[in-house]
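Let's take a walk through this one together. Have the viewer open and follow along as we go.

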Amino acid sequence: MTRVIRRYAFSAAHVLARPDWDEARNRAVYGKCANPSGHGHNYRIELTLEGTSDAGEAVDAIVGERVLGELHDRFLNQDVRDFERVVPTAENIARYIWDTLRVAVAPARLACVRLVETSNNSVEYFGSEPTP
């Protein structure tokens with residue numbers, strides 16, 4: 001088995017705030033990231049795929065269409081349906097990427113989604129259920 005790591009980048013803006021909370025509570029939990037005007041990041045994605053040695057190249061078009069095409073240059077809270085009710089934290093964005101790609105990259109197996117939000121903040125998501 002070969003493990004391949006593919007890297008991608010996109011830029012997006014978001015607000016970390018729950019719509020069912022008032023501004024004071026959102027500021028208490030999310031700090032300056034709860035600013036209603038939002039703020040942006042230059043995100044990096046690292047996908048770890050298991051399978052044949054050519055597994056990485058086969059997913060580039062899928063990632064381009066299904067992930068980068070949906071997230072790049074977007075205000076996540078407003079432009080991406082999944083984040084209308086889910087706070088687009090790094091953890092939730094990584095989970096979104098996993099859910100979007102998990103089946104689509106077959107026959108490769110998605111082993112990990114690593115999302116780098118800032119030089120000090122990154123997350124790794126390994127899924128909540130086995131990949132088929």
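Let's start at Phe126, and ask what it touches once residues up to four places away in sequence are set aside: the partners are Trp98, Ala111 and Cys112. Phe126 itself belongs to the segment after strand 5. Before you zoom in any further, keep in mind that this is a predicted model. If you want a sense of distance across the fold, jump from Phe126 to Phe83: the two are 43 residues apart along the chain, and their C-alpha atoms are separated by 20 Å.

Now step back for the overall layout. The chain has 4 helices and 5 strands, and reading along the sequence you meet them in the order β-α-β-α-β-α-α-β-β. How far does the C-alpha trace spread along its principal axes? It spans about 50 × 30 × 25 Å. The radius of gyration is 16 Å, which agrees with the value near 14 Å that a compact globule of 132 residues would have. Of those 132 residues, 43% count as buried. The contacts reach well along the sequence too: take the ones between residues at least 6 apart, and 69% of them join residues at least 24 apart.

On the outside, the chain exposes about 7600 Å², with carbon and sulfur atoms supplying 45% of that area. As for charge, there are 16 positive and 19 negative ones, and their mean positions are 3 Å apart.

Back inside, let's look at the aromatic rings, where the count comes to 4 aromatic pairs. One of them is Phe83 with Tyr96, a tilted pair with 5.4 Å centre to centre and 45 degrees between the planes. Where do the two rings come from? Phe83 is in the loop between helix 3 (76-79) and helix 4 (90-101), while Tyr96 is in helix 4, so to speak 13 residues along, and the pair links distant parts of the chain. Phe83 has a relative accessible area of 3%, so it counts as buried, the cut-off being under 20%. Tyr96 is buried as well, at 11%.

Another pair brings back a residue from our starting point, Trp98. The ring centres of Trp98 and Tyr125 lie 5.8 Å apart with their planes at 85 degrees, so this pair is edge-to-face. Trp98 lies in helix 4 and Tyr125 in strand 5 (residues 121-125), so the pair ties together parts that are 27 residues apart in sequence. Are these two buried or exposed? Both Trp98 and Tyr125 are buried, and for Trp98 the relative accessibility is 1%. For another long view, measure across to Pro36: Trp98 and Pro36 are 62 residues apart along the chain, and their C-alpha atoms are separated by 27 Å.

Two spots in the backbone deserve a look before you close the viewer. The peptide bond from Ala106 to Pro107 is cis, with omega near 15 degrees, and Pro107 is found in the loop between helix 4 and strand 4 (109-118). The other spot is Asp73, in the loop between helix 2 (55-71) and strand 3 (74-75). Its phi is near 60 degrees, a positive value in a residue other than glycine. Asp73 counts as exposed because its relative accessibility is 59%, and the cut-off is over 50%.

Key:
Residues numbered from 1 in each chain as written. Predicted model: local features only at pLDDT ≥ 70, side-chain atom pairs only at ≥ 80, totals over all residues. Heavy atoms only, no water. Helix = DSSP H or I, 4+ residues; strand = E, 2+ residues; numbered from the N terminus. Rg over C-alpha atoms; globule rule 2.2 N^0.38 Å. Buried < 20%, exposed > 50% of the residue type's maximum accessible area, 1.4 Å probe, protein only. Contact = heavy atoms within 4.5 Å. Areas by Shrake-Rupley, 256 points an atom, 1.4 Å probe, with all protein chains shown as cover. Lys, Arg positive; Asp, Glu negative; His and termini not counted. Charge placed at Lys NZ, Arg CZ, Asp CG, Glu CD. Phe/Tyr/Trp six-rings, centres within 6.5 Å; stacked < 30°, edge-to-face > 60°.
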